[in-house]
Amino acid sequence: MYQKIPPLEKTYNKTLLIIESCKTKEQLEGASIMVKNFKTLYKKVGYPKALSYSLDRAIKRKKL
């Protein structure tokens, strides 16, 4: 079964916006799951590791 993968830039920007919009710990936990899903999806097709690090840093900044 062929699975269509959304454009990398669009998905990255959307994930980053979700992280920035989090106001509670529960929302941030949901955003962490979204980051994990992003990594899993794009690992199959390859993506720049800098994007992964960037999302991880955004999560850490919000936790502080």
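In this predicted model, the 15 positive and 5 negative charges of the protein have mean positions that lie 5 Å apart. The protein exposes about 5100 Å², and carbon and sulfur atoms account for 59% of that area. Of its 64 residues, 27% are counted as buried.

**Overall architecture**

The protein contains three helices and zero strands, and its pattern along the sequence is α-α-α. Taken along the principal axes, the box filled by the C-alpha atoms is roughly 40 × 25 × 15 Å. Among the contacts with a separation of 6 or more, 65% are between residues 24 or more positions apart.

The following table collects values for the protein as a whole.

| Property | Value |
|---|---|
| Separation of the mean positions of positive and negative charges | 5 Å |
| Exposed area of the protein | about 5100 Å² |
| Share of the exposed area from carbon and sulfur atoms | 59% |
| Residues counted as buried | 27% of 64 residues |
| Box of the C-alpha atoms, along the principal axes | roughly 40 × 25 × 15 Å |

**Helix H1**

Helix H1 covers residues 8-21, a total of 14 residues. From its first C-alpha to its last, H1 reaches 20 Å, which is close to the 20 Å expected at 1.5 Å a residue. Thr11, Tyr12, Thr15 and Ile19 are the buried residues of H1. Viewed down the axis of H1, these buried residues fall within an arc of 100°, so they line one face of the helix. The partners of this buried set are helix H2 (25-43) and helix H3 (49-63), against which the buried residues of H1 pack. On the other side of H1, the exposed residues are Glu9, Lys10, Lys14 and Leu17.

**Ile19 and its surroundings**

Ile19 belongs to helix H1. Its relative accessible area is 0%, and because the cut-off for a buried residue is under 20%, Ile19 is classed as buried. Leaving aside residues up to four places away in sequence, Ile19 touches Ala31, Val35, Leu55, Ala58, Ile59 and Lys62. A further distance relates Ile19 to Asp56: the two residues are 37 residues apart along the chain, and their C-alpha atoms are separated by 9.9 Å.

Taken together, the lines of description for H1 join at Ile19, a residue of that helix that is listed among its buried residues and has a relative accessible area of 0%.

Note on methods:
Residues numbered from 1 in each chain as written. Predicted model: local features only at pLDDT ≥ 70, side-chain atom pairs only at ≥ 80, totals over all residues. Heavy atoms only, no water. Helix = DSSP H or I, 4+ residues; strand = E, 2+ residues; numbered from the N terminus. Buried < 20%, exposed > 50% of the residue type's maximum accessible area, 1.4 Å probe, protein only. Contact = heavy atoms within 4.5 Å. Areas by Shrake-Rupley, 256 points an atom, 1.4 Å probe, with all protein chains shown as cover. Lys, Arg positive; Asp, Glu negative; His and termini not counted. Charge placed at Lys NZ, Arg CZ, Asp CG, Glu CD. Expected span 1.5 Å × (residues − 1). Arc of directions from axis to C-beta.
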